[in-house]
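Visitor: I am new to this structure and would like a close look at one part of it. Please take the open sheet and what surrounds it, and explain each term as it comes up.

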Amino acid sequence: MNYEIQGSPYPVVMIRLENGESVVCQKGAMTWMTPNMIMQTTGGGSIGRMFSRAISGESMFQNVYTAQGGGGLIAFGSSAPGEIMPIEITPNQTIIAQKSAFLASSQSVNYELFFQKRIATGFLGGEGFIMQKFSGSGMLFLEIDGSVISYTLEPNQSLLVDTGYLAAMDSTCSIEVESVKGVGNALLGGEGFFNTRVTGPGRIWLQTMPLAQMASSIRKYIPSRG
């Protein structure tokens, strides 16, 4: 699998497949392809896995595209302004990502739900009680809202992240919720009541404009209907 990412602020990833090679994508992600790409819609395994995807914000069904009769080209487009982030998944590189981040991947990449160990972390931290875990081997493509900024955290090194800005992290990292200190700061500071503490070791990826934040920013400019 060879790929190239182009375009801004609505990027596409163009993937070239060898004969017989397949790629899995989120429903509705395909933008263009060569005629020899054959599509098959699948539940991706058991009924449990289908409902797992639905719970995490993805479609219950996925599309598998396979090149037949020679090499093929297929492109997948982002659904919002941002970036497409490629990550190579290996047995030693497992990724935890925000829900609805999945765009496409090799068939050899495994998907499963990831539940925060502490329920309060999920409900209050903004990253969601339910996230996505990707393991196995192959290429993974994630949708990032806005631009992506990455940091590598050493063991016990932490970074405080505003809610919703954590896009993905190595599975070796951990997250906890911390309340903003001071009642006045929490009520008047405009930064919310909670921050998320991400602790290493591992790499984290932050997004600069979560969709919820973008919607909140433009909502005040939309005339209300009286």
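Guide: What follows starts with the whole chain, goes on to the sheet, and then turns to the rings and two single residues.

This is a predicted model, in which local features need pLDDT of at least 70 and side-chain atom pairs count only at pLDDT 80 or more, while totals for chains, interfaces and linings use all residues. Residues are numbered from 1 along each chain as its sequence is written, and side-chain values use heavy atoms, with hydrogens and water left out.

The pLDDT is the predictor's confidence in each residue, from 0 to 100. Its mean over the chain is 83, and 75% of the residues reach 70 or more. Confidence is highest in strand 2 (residues 12-17), at 98, and lowest in helix 3 (residues 183-188), at a mean of 42. Over residues 119-127 the pLDDT is below 50, and this stretch has 26 contacts in the model beyond near neighbours in sequence. A contact means heavy atoms within 4.5 Å. Residues 183-190 also have pLDDT under 50, and for them the model has seven contacts beyond four places in sequence.

The chain has four helices and 19 strands. Helices (H or I, at least four residues) and strands (E, at least two) are DSSP runs, numbered from the N terminus. Of the 226 residues, 42% count as buried. Buried means under 20% relative accessible area, exposed means over 50%, and partly exposed lies in between, with a 1.4 Å probe and protein chains only. Among contacts between residues at least 6 apart in sequence, 77% join residues at least 24 apart.

Now the sheet. Six strands form it, in the order 11-12-9-16-19-14; it is open, and the pairing is antiparallel. Its edge strands are strand 11 (109-115) and strand 14 (148-153), each of which pairs on one side only. On average, neighbouring strands are turned by 20° against each other, direction ignored. Here the axes are lines fitted to C-alpha atoms, for helices over the stretch in contact, and angles run from 0 to 180 degrees between N-to-C directions. Two strands pair if DSSP finds at least two bridges between them. Strands of a sheet pair through backbone hydrogen bonds, either parallel or antiparallel.

The pairings can be followed across the sheet. Strands 11 and 12 run antiparallel and are joined by seven bridges; Val 109 has Gly 136 in strand 12 as its bridge partner. On to strand 9 (residues 95-97), which pairs with strand 12 in the antiparallel sense over three bridges, with Ile 96 opposite Lys 133. Strand 12 has five of its seven residues buried, so it is largely enclosed by the rest of the structure. Strand 16 (residues 166-170) pairs with strand 19 (residues 202-207) over three bridges, again in the antiparallel sense. There Ala 168 stands opposite Trp 205.

Strand 12 also takes part in a ring contact. Rings of Phe, Tyr and Trp (its six-membered ring) pair if their centres lie within 6.5 Å; planes under 30 degrees apart count as stacked, over 60 as edge-to-face and the rest as tilted. The count by this rule is four aromatic pairs. One of them is edge-to-face: Tyr 3 and Phe 141, 5.1 Å centre to centre with 80° between the planes. Tyr 3 is in strand 1 (residues 2-6) and Phe 141 in strand 13, 138 residues apart. Tyr 3 counts as partly exposed at 36% relative accessibility, whereas Phe 141 is buried at 0%. Phe 102 and Phe 134 form a stacked pair, 5.9 Å centre to centre and 20° between the planes. Phe 102 lies in strand 10 (residues 102-106) and Phe 134 in strand 12 (residues 130-136), so the pair ties together parts 32 residues apart in sequence. Both Phe 102 and Phe 134 are buried. Ring pairs link Phe 102, Tyr 111 and Phe 134 into a cluster.

Phe 102 leads to Glu 143, whose contacts beyond four places in sequence include Phe 102, Ser 79 and Glu 83. Glu 143 lies in strand 13 (residues 138-145) and counts as buried, at 13% relative accessibility. A polar atom of its side chain lies 2.7 Å from the backbone nitrogen of Ser 79.

The last residue is Pro 11, in the loop between strand 1 and strand 2. Pro 11 is buried, with a relative accessible area of 3%. Its C-alpha atom is separated by 9.4 Å from that of Glu 143, 132 residues apart along the chain.

Methods: Polar contact = N/O pair within 3.5 Å; in protein donor to acceptor, adjacent residues only side chain to side chain.
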